[in-house]
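Work through the exercises below with the sequence and the model side by side. Try each task before reading its solution.

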Amino acid sequence: MSVSETVPAGQVVNTDRYPLSEPDGPGWRAVVDSTRAGLSDVGCCVLPEFIRPSLLTALREECARIAPLAHSEVERVNAYNIALDSPLPNGHPARRVMERGNAFVARDHIPVASVIQQLYASPVFQRFVADCFGLDELHELADPLSGLTLNVIAPGRAHPWHFDTNEFTVSMLTQPADDGGVFEYCPNIRSADAENFADVEAVLAGRGDHLVRELELRPGDLQLFRGRFSLHRVSTVRGSVARHTAIFAYSERPGVIGSVERTRQLFGRVTPAHTQGQTVRGDHLLD
Ligand SMILES: O=C(O)CCC(=O)C(=O)O
Ligand SMILES: [Fe+2]
């Protein structure tokens, strides 16, 4: 690991608590071990105060400035983000239609020098995250829009139950809601081999509260979870400000690009990488 690679992450990360400048050192190993324990226990782990406290205002303001660039279009979706007219048997969870009221700012609208872009592209941060997930390595998405996004949920809106396209998701609240806007998730409700439609249907029908956990998040905390396997949502935002979250999407395989349909849903546009590129997928799940 060269010094030049370790510097950018060290500038934004709270290195007093998270010694990213010493990959594989004792402090690094201690954090990775406790994060792995949390992930295997409940499928999700929060690293509090991951960003330097002195940068919290910049983190919030940089993201609030670009929030108006979010593609906002309230949409009717299902938890798998597949076409609503897909032929499916009665009782299938993909038949439940929900309103998706969140809006995404695409990566190509996020300033290169912002805290979140620096973190997303940092090799030492990527190595740290991979280690936390127990992977040899992970990769930025090749997708020019969805690798890094800002998720904006306006008052009165929610981000309904869904699975992510990417296998491992890392996120960071940058502006909390006054009220509501709670992150809720069902740890590992499905796997790459098993959809477990019965439990998914129970949660969507409001019969699965025993499968649902709530997470308490503060701005600058780093959240790691397996969004492809853990059904999750953000409840309706209340009060007068929007809730903002940076979403850092990585994959075990290089070259991952979202499908044309999903990309249009999320961003209202596609790029040549989506229409001409070779889409690489990691499994054969429904979405
Ligand atoms: O905003 C959040 O905390 C969660 C966002 C999310 O689930 C997603 O973007 O897929
Ligand atoms: Fe998600």
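How many helices and strands does the secondary structure of the protein come to? The protein comes to 8 helices and 15 strands. Helices (H or I, at least four residues) and strands (E, at least two) are DSSP runs, numbered from the N terminus.

This is a predicted model: local features need pLDDT of at least 70, side-chain atom pairs count only at pLDDT 80 or more, and totals for chains, interfaces and linings use all residues. Residues are numbered from 1 along each chain as its sequence is written, while chains are lettered from A and ligands numbered from 1 in the order in which they are written.

**Exercise 1. Judge the overall fold.**

Step 1. Take the radius of gyration over C-alpha atoms; the globule rule is 2.2 Å times the number of residues to the power 0.38. With 287 residues, a compact globule would come near 19 Å, and the protein has 18 Å, which agrees.

Step 2. Box the C-alpha atoms along the principal axes. The result is roughly 55 × 40 × 40 Å.

Step 3. Count burial. A residue is buried if 20 or more other C-beta atoms lie within 10 Å of its own, exposed if 12 or fewer, and partly exposed in between; C-beta atoms are placed from the backbone. Of the 287 residues, 41% count as buried.

Step 4. Check contact range. Two residues are in contact if their C-beta atoms, placed from the backbone, lie within 7 Å. Of the contacts with a separation of 6 or more, 83% join residues 24 or more positions apart.

**Exercise 2. Connect helix H5 to the core.**

Step 1. Inspect H5 (residues 123-132). This helix is mostly covered, with 8 of its 10 residues buried. Among them are Arg 127, Val 129 and Asp 131.

Step 2. Find the core. A nonpolar core is a set of buried Ala, Val, Leu, Ile, Met, Phe, Trp, Tyr and Cys residues joined through C-beta atoms within 7 Å. The largest one has 69 residues, and Val 129 is among those with the most contacts inside it.

Step 3. Trace Val 129. Leaving aside neighbours within four places in sequence, Val 129 contacts Leu 138, Val 170, Leu 224 and Tyr 250. Leu 224 is another of the residues with the most contacts in the core.

Step 4. Look past the helix end. H5 is followed by Gly 134, with a positive phi near 75°.

**Exercise 3. Find the buried face of helix H7.**

Step 1. List the buried residues of H7 (260-267): Thr 263, Leu 266 and Phe 267.

Step 2. Look down the axis. These residues fall within an arc of 75° (taken from the directions from the helix axis to the C-beta atoms), so they line one face of the helix.

Step 3. Identify the partners. The buried residues pack against strand S4 (102-105) and helix H8 (272-276).

**Exercise 4. Examine positive phi outside glycine.**

Step 1. Recall the background. Most residues other than glycine have a negative phi.

Step 2. Take Asp 24. Its phi is positive, about 75°. Asp 24 sits in the loop between helix H1 (3-12) and helix H2 (26-42). It counts as exposed because 12 C-beta neighbours lie inside 10 Å. Asp 131 is 107 residues away in sequence, but 9.4 Å away in space, C-alpha to C-alpha.

Step 3. Take Asn 188. Its positive phi is about 45°. Asn 188 lies in the loop between strand S10 (183-186) and helix H6 (197-204). With 17 C-beta neighbours inside 10 Å, Asn 188 counts as partly exposed.
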